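Me: Got a structure I'd like to talk through with you. Can I pull it up and throw some quick questions at you?

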Amino acid sequence: MTQKPKPTAEPAAGADKRVRIARRVAAELADGSLVNLGIGLPTLVANFIPKDKTVFLQSENGFIGLGPEAAPGTEDWDLVNAGGKPVTMVPGGCYFDSSLSFAVIRGGHVDVTVLGALEVDEEGNLANYMIPGKMVPGMGGAMDLVVGAKKVIIAMEHVNKHGAPKILRRCTLPLTARKEVDLIVTDMAVIRVAHDGLILEQIAEGTTVEAVVRCTGCQLQIHQKVGEF
Amino acid sequence: MKKIQTPQEAVAPIPDGAVLMIGGFMCCGQPIRLTEALLAQGTKDLTVITNDAGFPDRGVGKLVVAGRIKRLIASHIGLNPTAGQKMNSGEMAVELVPQGTLAERIRCAGAGLGGVLTPTGLGTQVESGKRKMEIDGRTYLLETPLKADFALVKTSVCDRCGNAFTAKAGKNFNLVMAMAAQHTIAETDRLVEIGELDPERVTIPGIFINTVAVQGAR
């Protein structure tokens, strides 16, 4: 392996990057699907689900039909999301307890889970729950979600805050799960995890295949027709 | 008819060193009046099984901050910075359990099962020291039951038989925990007479409840 040159940071502002990622992930969600969105960036995806699609959101703490955050003054503390924030419920939803919630998750009844990541590698391994000695928040529901959901989409910025790749040959941090990631959507690219490695399928408007390759810590197979998003 | 007590009376039998389950998810569906009574009582060296370390200024999180918990078994501690500090300093032992596994380990204790086979955690640190079994070509981890001396659960409405309803997303761990402890204390917002709670709305059958705790009532 040759050492890759140090990647250069993208000029786009942080908020724009996040919107670009969220909008692209939303385009992956099929009409009628049941989806679980992780805390942080993945939560933004809900804002970009096209109006002509019916997508129900599952909240790991015990309901289907997660709606927008509650407006100030209307908070109901019996109805919070997985981050503990008061939210609303859309018509057609239902409540259940944690055991059933994770039966839904582990049992393959969730079509798509969207999660953030610290690292992802070319085998589809995911690390997103701890940095030993520094940050140990715990896995919460993430390990069950990635094992149980039919499709696992990682939504994250392509490089970390120091400009180093987050997509690697092998994860260096403790794993959340092995070989469960299906698709990686970043501010620079859409990358599919295949049995023999990663395939670059789309690049973000304004970037180049070369820039994506430079900011990625492992080999990428370049799709014959790389699209733009 | 169950014992009806104040939160203070209800937690009085909990000794130092007890193993407790406490319902709730980021304080939603958490028996806050019971955790406050426990805090005031000064009970310490607790082993606490709960979904998360909550927030530093509420519920279980306050027990963490006050140093009352010797060992915490939870799925997430990220929103209570004190929990991470106490874990790193060795003051509090923390066992992190995937949330779905936590729910099933508690449920199987209350359901008379010897454990549960789950694919969650395979190939991660979670599998360390656990037996693996292959069933129909797929590998699973054997996760064992989690029991407790006391469970503290939250209910919105409870009748004098202990039949209870917990509203909305507050249900979370309250049912499985009520099943898995030697003695279950149900905090309720509203105590009603027998017959007033529609049996169709019961989310925790009264047979799992030993004591109903309600502010100021008899």
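Me: How many residues does each chain, A and B, put into the contact?

Reply: This is a predicted model, to say that up front. In it, chain B puts 37 residues into the contact and chain A puts in 31 residues.

Me: And on chain B's side, which elements give two or more residues?

Reply: Helix H4 (81–89), helix H5 (99–110) and helix H6 (174–180) of chain B. H5(B) gives the most to that side, with 5 residues.

Me: How do the residues of that side divide into nonpolar, polar and charged?

Reply: On the side of chain B that touches chain A, 19 are nonpolar, 14 polar and 4 charged.

Me: OK, switching to the core. How many residues are in the largest nonpolar one?

Reply: The largest nonpolar core has 125 residues, and Ala155(A) and Ala180(B) are the ones with the most contacts inside it. Strand E9 (residues 148–159) of chain B supplies the largest share of this core, 7 residues.

Me: What is Ala155(A) in contact with, leaving aside neighbours within four places in sequence?

Reply: On that basis, Ala155(A) is in contact with Ile21(A), Ala22(A), Val25(A), Leu41(A), Pro42(A), Val45(A), Val114(A), Gly116(A) and Val185(A).

Me: Now the overall build. How many helices and strands are there in chain A?

Reply: Chain A has 5 helices and 13 strands. Its radius of gyration is 18 Å, close to the 17 Å that the globule rule gives for 229 residues, so chain A is as compact as a globular protein of that length. Along the principal axes, the C-alpha atoms of chain A fill a box of roughly 55 × 35 × 30 Å.

Me: What share of chain A counts as buried?

Reply: Of the 229 residues of chain A, 43% are buried. As for its contacts between residues at least 6 apart in sequence, 64% join residues at least 24 apart.

Me: Same run-through for chain B: how many helices and strands?

Reply: Chain B comes to 6 helices and 12 strands. Its radius of gyration is 17 Å, close to the 17 Å from the globule rule for 218 residues, so chain B too is as compact as a globular protein of that length. The box filled by the C-alpha atoms of chain B is roughly 55 × 40 × 25 Å along the principal axes.

Me: And what share of chain B counts as buried?

Reply: For chain B, 53% of the 218 residues count as buried. Of the contacts in chain B with a separation of 6 or more, 73% come from residues 24 or more positions apart.

Me: Let's do strands. In which sense do E4 and E5 of chain B pair?

Reply: Strand E4 (residues 69–74) and strand E5 (residues 93–96) of chain B pair in the parallel sense, over 4 bridges. Ile73(B) stands opposite Glu95(B) in E5(B).

Me: What unit do E4(B), H4(B) and E5(B) make?

Reply: A right-handed β-α-β unit. H4(B) is also one of the helices on the side of chain B that touches chain A.

Me: Over in chain A, how many bridges join E10 to E11?

Reply: There are 3 bridges between strand E10 (residues 183–185) and strand E11 (residues 189–194) of chain A, and the two run antiparallel. Ile184(A) sits opposite Ile191(A) in E11(A). E10(A) and E11(A) form a hairpin, with 3 residues between them.

Me: What about E11(A) and strand E12 of chain A, parallel or antiparallel?

Reply: Antiparallel, with 6 bridges joining E11(A) to strand E12 (residues 197–203) of chain A. Val193(A) has Leu198(A) as its bridge partner in E12(A). This pair is joined by a hairpin through 2 residues.

Me: There's also an open sheet of 3 strands in chain A. What's the order?

Reply: E7-E6-E9, with mixed pairing. Strand E7 (126–127) and strand E9 (167–168) of chain A are the edge strands, each pairing on one side only. Strand E6 (residues 119–121) of chain A and E7(A) run antiparallel, joined by 2 bridges. Across that pairing, Val120(A) has Leu126(A) as its bridge partner.

Me: Last one, Ile32(B). Where is it found?

Reply: Ile32(B) is in helix H2 (residues 32–41) of chain B.

Me: Why does Ile32(B) come out as partly exposed?

Reply: Because Ile32(B) has 18 other C-beta atoms within 10 Å, while buried takes 20 or more and exposed 12 or fewer. Leaving aside neighbours within four places in sequence, Ile32(B) is in contact with Arg58(B) and Gly59(B).

Note on methods: Residues are numbered from 1 along each chain as its sequence is written. Chains are lettered from A and ligands numbered from 1 in the order in which they are written. This is a predicted model: local features need pLDDT of at least 70, side-chain atom pairs count only at pLDDT 80 or more; totals for chains, interfaces and linings use all residues. A nonpolar core is a set of buried Ala, Val, Leu, Ile, Met, Phe, Trp, Tyr and Cys residues joined through C-beta atoms within 7 Å. Two residues are in contact if their C-beta atoms, placed from the backbone, lie within 7 Å. Ala, Val, Leu, Ile, Met, Phe, Trp, Tyr, Cys and Pro count as nonpolar, Asp, Glu, Lys and Arg as charged, and the others, Gly among them, as polar. The radius of gyration is taken over C-alpha atoms; the globule rule is 2.2 Å times the number of residues to the power 0.38. Two strands pair if DSSP finds at least two bridges between them. A crossover is right-handed if, with the strands pointing away from the viewer, the path from the first strand over the helix to the second runs clockwise.
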